[in-house]
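Reader: I have a model open and no clue how to read its holes and its strands. Can you walk me through them?

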Amino acid sequence: MGSRSSLRFWLLIVSVLFALAVVGGISITTYVIVADGMQGVAQGTTQRVAASAATILRDAVSETLVSAGSQGFSGDQRGRFAYQTLRTELTSLLNRPGLGEAEYALYDATGKQIWASSPEAVWPSQDEARQEAISTNQPTISTGRAGSLISGLARKAQLPVRVMHIPVKMPDGSTAILDVTYRPTNEERVIDAVRAPMTALALSATLIMVLLMQTSMTWVLNLVANLRKAADSIEAGQLDARLPENGSNEISSLAQSINRLIERLQRRSQAQARFVADASHELATPVAGIRGYTSILRAWGAEDPKVRDEAVDAIDRESRRMARLTGDLLNLLHADQGLVLKTEKFEVNALVRDRLAATASRWMDKDLDFVGPEDEEPLVMSGDPDRFEDVVSILLDNAAKYTPARGKIVVSTRRRRDMIELEISDSGQGIPPEDLPRIFDRFFRSEASRAAGEGGFGLGLAICKSIVDSMGGTIEVSSEVDKGTTFDVRVPRGRL
């Protein structure tokens with residue numbers, strides 16, 4: 001419980017930090033774009049107003065010169081009179097519509113202030129920019145007050161204040177500098193007006209993002225909790241639990257895989273439980289027989305030779321039955337541990353015919369018709385003849401076991417490219433379709449075979465498949481009820 005709570009806590013921290021990083025980054029970027037745009041507007045306004053003011057001032061210089069001439073002034077007197085007239089008219093000239101949003105100051109060529117519209121128009125620290133404008137006779141621009149694009153994120157916005165320095169020829173022939181200062185008050189108000197809604201929107205977006213992430217994580221963690229419950233159930237031996245398979249997402253696919261795993265474990269557990277019951281029953285029967293006949297031997301064996309011989313035969317028969325069961329278990333154990341296969345050349349048809357003869361003699365009482373591969377060109381392969389013989393023996397023994405008296409068993413072999421194919425068909429009772437997918441499962445015995453009282457422990461075909469798999473081959477089965485069954489085995493021919 002503590003680890004899950006810790007995981008939820010850390011996921012909450014991560015989701016909050018992630019939301020703050022994403023939303024904060026978007027908000028700051030948006031704010032910088034808005035502030036940069038407002039700064040561009042302010043600079044454009046400064047240049048526009050400065051150009052208008054310079055034009056009006058130059059026109060006024062010409063008009064005062066003309067006025068002074070018309071009043072009879074000439075030479076230096078004309079220039080000085082026009083200069084004085086211009087100074088008296090500066091306030092009205094630069095207060096016309098469209099120019100009142102800026103502040104102005106006029107300096108002579110030595111940097112001495114001649115006139116200023118207000119104290120805020122005076123920038124004593126900009127002498128160097130003014131001298132540059134005089135020397136180049138071109139307008140220059142300087143920064144009267146520093147500012148920052150992101151300064152308005154936490155407090156009132158403060159954009160840089162730009163000052164235009166424009167050289168103007170005065171009526172007396174000297175050059176003056178007109179300083180035009182535009183304070184971006186309106187642009188800063190726009191930025192301040194945007195800040196509050198943007199902050200509210202960012203906080204809302206952060207909260208929504210955190211809630212969405214927490215909802216998604218809670219959903220995933222709940223699914224993980226279901227997986228843990230299923231694992232706990234498996235650990236406790238309760239294989240009836242199943243995970244919910246809602247939806248078509250990755251978690252649902254994982255749940256389906258785990259459910260299939262649980263079903264396989266459940267089938268294997270049921271098969272093992274059934275095997276334990278079958279093996280116990282099968283072992284108990286010969287053990288009981290051996291103990292019974294041992295008692296008979298002790299009581300009457302010494303006096304009655306006939307009773308003694310019957311008891312010895314019975315003990316021998318039951319002991320061989322026990323040996324067969326233990327042999328099957330050992331083969332299965334070896335298959336689990338990995339078979340060590342020999343590699344030697346052998347003739348397949350000769351081996352098959354030998355096993356056919358052995359099987360025919362063992363099932364002689366059923367009068368079965370065994371048909372084997374004809375004695376034609378030898379079919380040689382390189383592999384483990386003992387394991388291949390085990391496969392043939394198991395399949396032939398199964399065919400004979402489930403084929404009724406006077407039935408027919410046919411074995412054929414062939415070579416196809418680098419593979420040896422073995423086909424064993426019988427005319428037996430067949431396998432029900434519902435049992436075919438499990439026919440190679442360990443400990444599996446169909447209900448039909450149980451009802452028929454056939455011997456065996458459901459291990460033969462499982463051992464057979466393990467051997468074929470170890471040889472790098474395949475085994476398939478096809479069957480039809482009441483018509484028979486066919487096993488197809490394909491194994492590599494090997495290097496000869």
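Author: Sure, let's begin with residue classes: Ala, Val, Leu, Ile, Met, Phe, Trp, Tyr, Cys and Pro count as nonpolar, Asp, Glu, Lys and Arg as charged, and the others, Gly among them, as polar. This is a predicted model, where local features need pLDDT of at least 70, side-chain atom pairs count only at pLDDT 80 or more, and totals for chains, interfaces and linings use all residues. Residues are numbered from 1 along each chain as its sequence is written, and side-chain values use heavy atoms, leaving out hydrogens and water.

Reader: What is a cavity, and how many cavities of 30 Å³ or more are there?

Author: On a 1 Å grid over the protein atoms alone, a cavity is a set of points where a 1.4 Å probe fits but cannot get out; its lining residues have an atom within 4 Å of a point. Grid points are joined across faces, edges and corners, and the volume is the space filled by probe spheres set on the points. Here, three cavities are 30 Å³ or more.

Reader: Which residues line the largest cavity?

Author: Gln39, Ala42, Gln43, Thr46, Leu159, Pro160, Arg162, Tyr182 and Pro184 do, around a volume of about 50 Å³. By class, that lining has five nonpolar, three polar and one charged. Helices (H or I, at least four residues) and strands (E, at least two) are DSSP runs, numbered from the N terminus. Helix α1 (residues 2–70) brings the largest share of this lining, four residues.

Reader: And what lines the second largest cavity?

Author: That one, about 40 Å³ in volume, is lined by Leu223, Asn226, Leu227, Leu243, Pro244, Ile251 and Ala255. Six are nonpolar, one is polar and none is charged. Helix α4 gives the most, three residues, while α4 (185–235) and α5 (250–301) each supply at least two.

Reader: On to strands: which strands does β10 pair with?

Author: Two strands pair if DSSP finds at least two bridges between them. Strand β9 (residues 408–416) pairs with β10 in the antiparallel sense over eight bridges, with Thr413 opposite Leu422 in β10. Their hairpin has two residues between the strands, and Arg417 there takes a positive phi near 55 degrees. Strand β12 (residues 484–492) also runs antiparallel to β10, joined by seven bridges; one of these pairs Ile420 with Val491 in β12.

Reader: Is β10 mostly covered or mostly uncovered?

Author: Mostly covered: seven of the eight residues of β10 (residues 419–426) are buried, meaning under 20% relative accessible area with a 1.4 Å probe, protein chains only.

Conventions:
1 Å grid on protein atoms, 1.4 Å probe; cavity = no way out; pocket = protein on both sides within 12 Å on 5 of 7 lines; lining within 4 Å. Buried < 20%, exposed > 50% of the residue type's maximum accessible area, 1.4 Å probe, protein only.
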